[in-house]
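Work through the exercises below with the model open. Try each task before reading its solution.

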Amino acid sequence: MPRRLTAFTPSGDLHLGNYFGAVAPLTERQTSSSDTVVFVSDLHALTLDHDPAEVRRRTLEFATLLLAAGVDPERCLFLVQSHVPEHTELHYLLECVAGYGQAQRMIQFKEKSRRLRQVRTSLLTYPILMAADILLYDADEVPVGADQRQHVELARDVADRFNTSYGAVFTVPRAVNPPIAGRIMDLADPARKMSKSVSAAGSLRLLDPPDVLRRKVMRAVTDGGTEVVYDPDGKPGIANLLTILAACTGAPPDLLAEKLDGYGDLKYAVADAVVAVTEPIRQRYEELSGDPDHVRELLRRGASVARGPARRKVDRVKEAIGLLPAVEDFGP
């Protein structure tokens, strides 16, 4: 089975789109650490102004929530990015291969830098850190949405350039599309994807209690008319609700539409289905969050397992690029 790598940056709140687009697919395929790598990419949370305490809190929250949602450290490699220092070591080595123009052309850098008075260098270079994240573990596949696909292409380019210049060291990864159920749109604005941080009202967060989820669904934006049909172009609001219902139930959205009499009927069905999916996750999260030391121990074990292959990969890169091998004791 191809090795697949998935990372979650601890900013904002994980929501239903994250679950169906990234979490559920990885829990369904995890069999061993040789084919599934899952980590919380805390270093990526430092590219913008941030509260240090909040980054630490969210890192543990994300790790706990991933466990609650079915990530199994016995059947995947599960860790926090900063706990494996080879991520940052490989990052610099890849900066010696990647071009400035490549980093500057990243769409997310262009969009975010326009809105900032002061741009951190890490915002420019974090796509190269992302490339290091991927290449460090010889990932074959990286599930990403359209907004991150360019970053995987950068990782491919860097791997190809390094392999051509210094020898075949890296596996060249490929981006894979998340399932259609992962493309869940904002309830308040069906023209944009559900976001971890942009819209609280339009996002069905995994830790929202049932009454909050039901209220958000009942207030979701709909379209003109009264007929429930799956028409993403003509009725984007209704199509989004049907997509959510389909993701929760496993039934095709067009067939679900035929069984519903009106918008109210649809919203009640969606609210019930969302609660049925998220409430077991939320309850399991509450159990796990009561023992944070257990979660930290699982993360420590994951980092310990990762250090061996990560160290060997970085040593191969250093040798290939021309650095003098280190020795244990240089002597007087």
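The exercises cover cores, aromatic pairs, an annotated motif and a loop residue.

This is a predicted model: local features need pLDDT of at least 70, side-chain atom pairs count only at pLDDT 80 or more, and totals for chains, interfaces and linings use all residues. Residues are numbered from 1 along each chain as its sequence is written, and side-chain values use heavy atoms, without hydrogens and water.

**Exercise 1. The largest nonpolar core**

Task: find which residues touch the most other members of the largest nonpolar core, and locate this core relative to the domains.

Solution.
1. Apply the definition: a nonpolar core is a set of buried Ala, Val, Leu, Ile, Met, Phe, Trp, Tyr and Cys residues joined through side-chain atoms within 4.5 Å. Buried means under 20% relative accessible area, exposed over 50%, and partly exposed in between (1.4 Å probe, protein chains only).
2. The largest core has 56 residues; Leu 16, Tyr 19, Phe 78, Leu 204, Ile 244 and Leu 266 touch the most other members.
3. Helix α11 (residues 263-289) gives the largest share, 11 residues. Helices are DSSP runs (H or I, at least four residues) and strands likewise (E, at least two), numbered from the N terminus.
4. Domain 1 (4-181 + 291-321) and domain 2 (210-287) both contribute residues, so the core lies between them. The domain bounds come from an automatic or database domain assignment.
5. A second, separate core has 38 residues, including Leu 5, Ala 132, Val 144 and Leu 154.

**Exercise 2. Tyr 19 and the aromatic pairs**

Task: list what Tyr 19 touches, leaving out residues up to four places away in sequence. Then classify the pair that Tyr 19 forms with Phe 20.

Solution.
1. Tyr 19 contacts (heavy atoms within 4.5 Å) Ala 24, Pro 25, Ala 69, Leu 206, Val 277 and Ile 281.
2. Tyr 19 is buried at 14% relative accessibility, and Phe 20 is buried at 10%.
3. Rings of Phe, Tyr and Trp (its six-membered ring) pair if their centres lie within 6.5 Å; planes under 30 degrees apart count as stacked, over 60 as edge-to-face and the rest as tilted.
4. The structure holds 3 aromatic pairs. Tyr 19 and Phe 20 have ring centres 5.0 Å apart and planes at 75°, so this pair is edge-to-face.
5. Phe 162 and Phe 170 are also edge-to-face, at 5.1 Å and 65°. Both are buried. With Tyr 166 they form one aromatic cluster.

**Exercise 3. Asp 261**

Task: decide whether Asp 261 is buried or exposed, and place Asp 261 in the fold.

Solution.
1. Asp 261 sits in the loop between α10 (253-258) and α11.
2. Its relative accessible area is 73%, so Asp 261 is exposed.
3. Val 228 is 33 residues from Asp 261 in sequence, yet their C-alpha atoms are 7.0 Å apart.

**Exercise 4. The annotated motif**

Task: describe the chain over residues 10-18.

Solution.
1. An unreviewed UniProt entry annotates these residues as "short sequence motif: 'HIGH' region". Such annotations may be inferred rather than shown by experiment; positions follow the numbering used here, and feature names are shortened.
2. The stretch is 33% helix and 0% strand, with end C-alpha atoms 12 Å apart.
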